[in-house]
Amino acid sequence: MTVVLKNAQVLHHQQIVYADILMNRGAIQAIGRQLHGDHEVDLTGKLVLPGFIDVHVHLREPGETDKETVQTGALAAAHGGYTTIAAMPNVVPAPDSPARMQSQLQLNQKATRVHVLQYATLTKSRGERELVDFKALKAAGAFAFSNDGAGIQTAGQMWAAMQAAAEVQRPIVAHVQDDSLFNHGVMNAGQRADQLGLRGIPAVSESAQLARDLVLAGDSGVHYHVCHVSTAKSVQLIRQAKAAGVHVTAEVTPHHLLLDENFIQEDDPQLKMNPPLRTPADRLALLKGLRDGTIDMIATDHAPHTKQDKVGSMATAAFGITGLETAFNELYTQLVQSGWCTLPELVNWLSTAPAEAFNLNTGRIAVGFPADLTVVDLETEHQIQAADFLSRGKNSPFIGDQVRGRIDQTYVNGQLVYLRGQKSEQY
């Protein structure tokens with residue numbers, strides 16, 4: 001059955017034009033005016049964007065399904081306008097062997113609403129001793145390799161991992177954290193942490209390991225991707241590495257772009273994440289790095305937790321916040337509406353850039369591309385409420401914010417997977 005999205009505004013070749021989109025057999029078949037099909041959807045007043053791509057999410061299944069499942073994570077993604085997500089491997093058991101990878105991929109098939117790419121670990125059980133079999137895991141379906149949540153502590157092990165990943169032509173996606181400098185902290189080290197009586201995480205714990213890895217990446221030739229950049233020094237190091245020809249890409253989260261340690265007015269677990277919110281100067285450096293191309297994309301680091309995990313003190317609460325269902329609304333309101341960037345720029349960071357960086361055949365609206373599309377209503381103003389989340393995790397510092405723009409519909413391979421106002425089982 002052919003489906004036509006009619007009378008819409010469409011972001012096409014970085015320009016917003018009025019057009020219809022004909023979808024057939026999972027792909028975009030035509031873009032133009034006066035198109036017709038078996039089923040037609042009137043999108044007057046709506047804007048069609050390429051579906052968002054998040055290369056950094058946590059789905060928690062298997063092992064912590066009280067926090068999230070593959071199915072609820074996929075629902076949250078569709079609700080947020082995401083059509084492709086990449087699941088980190090810090091689940092139990094971790095996908096560190098071909099058999100476990102195949103089992104995880106079968107589990108991920110429950111997320112029929114969105115595309116789910118799966119990371120393999122760099123080391124067995126994300127431990128410190130033994131590297132995984134990169135060749136076998138690639139053959140089993142690994143999208144890329146990461147020990148997210150834990151930095152590789154020795155240069156020798158990272159060097160060996162980079163050589164193995166380069167050989168199979170898969171990226172290494174790194175959570176950079178030198179544990180000897182981490183200080184078991186819970187927020188950024190500095191005056192605000194001292195005022196609150198909380199242990200601080202020095203910025204150098206990120207940048208020192210990053211500097212090491214960039215040298216190794218340059219010599220190994222691997223595609224090295226930096227998770228959730230948080231410091232000005234890290235931005236500077238990545239900028240220098242790119243200028244030197246290192247194959248490095250980087251992501252920044254919405255919360256590191258929009259918040260800093262000055263937003264932590266009290267001991268609030270909802271503002272505890274790793275890496276932590278840094279200084280206003282760091283946040284400005286992240287924004288500048290995104291604008292000048294040093295940082296390639298925005299990724300949410302969606303990290304759902306139970307209510308019990310995020311109560312009490314930052315000293316004992318879990319790290320992480322949810323992000324899939326608030327990213328576009330917050331970024332559009334605070335960055336586009338303020339005039340800091342344009343809508344096409346934002347969509348590039350959310351969709352086209354991650355697709356290009358990871359060689360994905362999606363991320364744009366063009367004939368022949370998958371019909372992975374996000375329909376937004378930019379005129380609607382609403383308040384972010386936990387009750388609206390489809391994720392099991394309600395842990396977000398953005399709850400209560402008044403935002404503009406809302407996800408209206410999400411299509412994956414031409415199929416409707418989210419429709420605002422309808423229950424999930426009605427799609």
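In the hairpin formed by strand 1 and strand 2, two residues sit between the strands, and His13 takes a positive phi near 55°. Keep in mind as you look around that this is a predicted model.

**Strand 1 and its neighbours**

Strand 1 covers residues 3-12, while strand 2 covers residues 15-24. The two run antiparallel and are joined by eight bridges. To find one facing pair, look for Gln9 in strand 1, which stands opposite Tyr18 in strand 2.

Strand 2 is followed in our tour by two parallel partners of strand 1. Strand 4 (residues 39-42) runs parallel to strand 1, and four bridges join them. Here Leu5 stands opposite Val41. Strand 5 (residues 47-50) also runs parallel to strand 1, with two bridges between them. In this pairing, Val10 stands opposite Val48.

Is strand 1 mostly covered or mostly open? It is mostly covered, since eight of its ten residues are buried. As a general point to carry with you, side chains in a regular strand alternate between the two faces of the sheet.

**Where two helices meet**

Now turn to helix 4 (residues 155-168) and helix 7 (residues 204-220). Their axes come within 10 Å and cross at roughly 35°. The crossing of helix 4 past helix 7 is right-handed. On the helix 4 side, the contact is made by Ala155, Met158, Trp159, Met162 and Ala166. Helix 7 contributes Arg212, Asp213, Leu216, Ala217, Asp219 and Ser220. Sorted by class, this contact has seven nonpolar residues, one polar residue and three charged residues.

**Salt bridges**

How many salt bridges does the structure hold? There are 14 of them. The idea behind them is simple: side chains of opposite charge can pair when their charged atoms come close. Here are some examples, with the distance between the N and O atoms.

| Residue pair | N to O distance |
|---|---|
| Asp96 and Arg100 | 3.2 Å |
| Lys124 and Glu130 | 3.5 Å |
| Glu379 and Arg404 | 3.4 Å |

Let us take these pairs in turn and ask how open their residues are. In the bridge between Asp96 and Arg100, Asp96 has a relative accessible area of 5% and therefore counts as buried, because the cut-off for buried is under 20%. Its partner Arg100, at 37% relative accessibility, is partly exposed.

In the bridge between Lys124 and Glu130, Lys124 is partly exposed at 34% relative accessibility. Glu130 is partly exposed too, with a relative accessible area of 46%.

The side chains of Glu379 and Arg404 also meet in a salt bridge. This pair links distant parts of the chain, 25 residues apart: Glu379 lies in strand 16 (residues 373-383) and Arg404 in strand 17 (residues 402-412). Is Glu379 buried or exposed? Glu379 is exposed, with a relative accessible area of 57%, because exposed means over 50%. Arg404, at 24% relative accessibility, counts as partly exposed.

Salt bridges can also join up into a group. Glu64, Lys67 and Asp309 are linked in a network of salt bridges, so you can look for these three residues together in the structure.

Notes:
Residues are numbered from 1 along each chain as its sequence is written. This is a predicted model: local features need pLDDT of at least 70, side-chain atom pairs count only at pLDDT 80 or more; totals for chains, interfaces and linings use all residues. Side-chain values use heavy atoms; hydrogens and water are left out. A salt bridge is a side-chain nitrogen of Lys or Arg within 4 Å of a carboxyl oxygen of Asp or Glu. Buried means under 20% relative accessible area, exposed over 50%, partly exposed in between (1.4 Å probe, protein chains only). Two strands pair if DSSP finds at least two bridges between them. Axes are lines fitted to C-alpha atoms, for helices over the stretch in contact, and angles run from 0 to 180 degrees between N-to-C directions. A crossing is left-handed if the near helix is turned anticlockwise from the far one by less than a right angle, and right-handed if clockwise. Contact means heavy atoms within 4.5 Å. Ala, Val, Leu, Ile, Met, Phe, Trp, Tyr, Cys and Pro count as nonpolar, Asp, Glu, Lys and Arg as charged, and the others, Gly among them, as polar.
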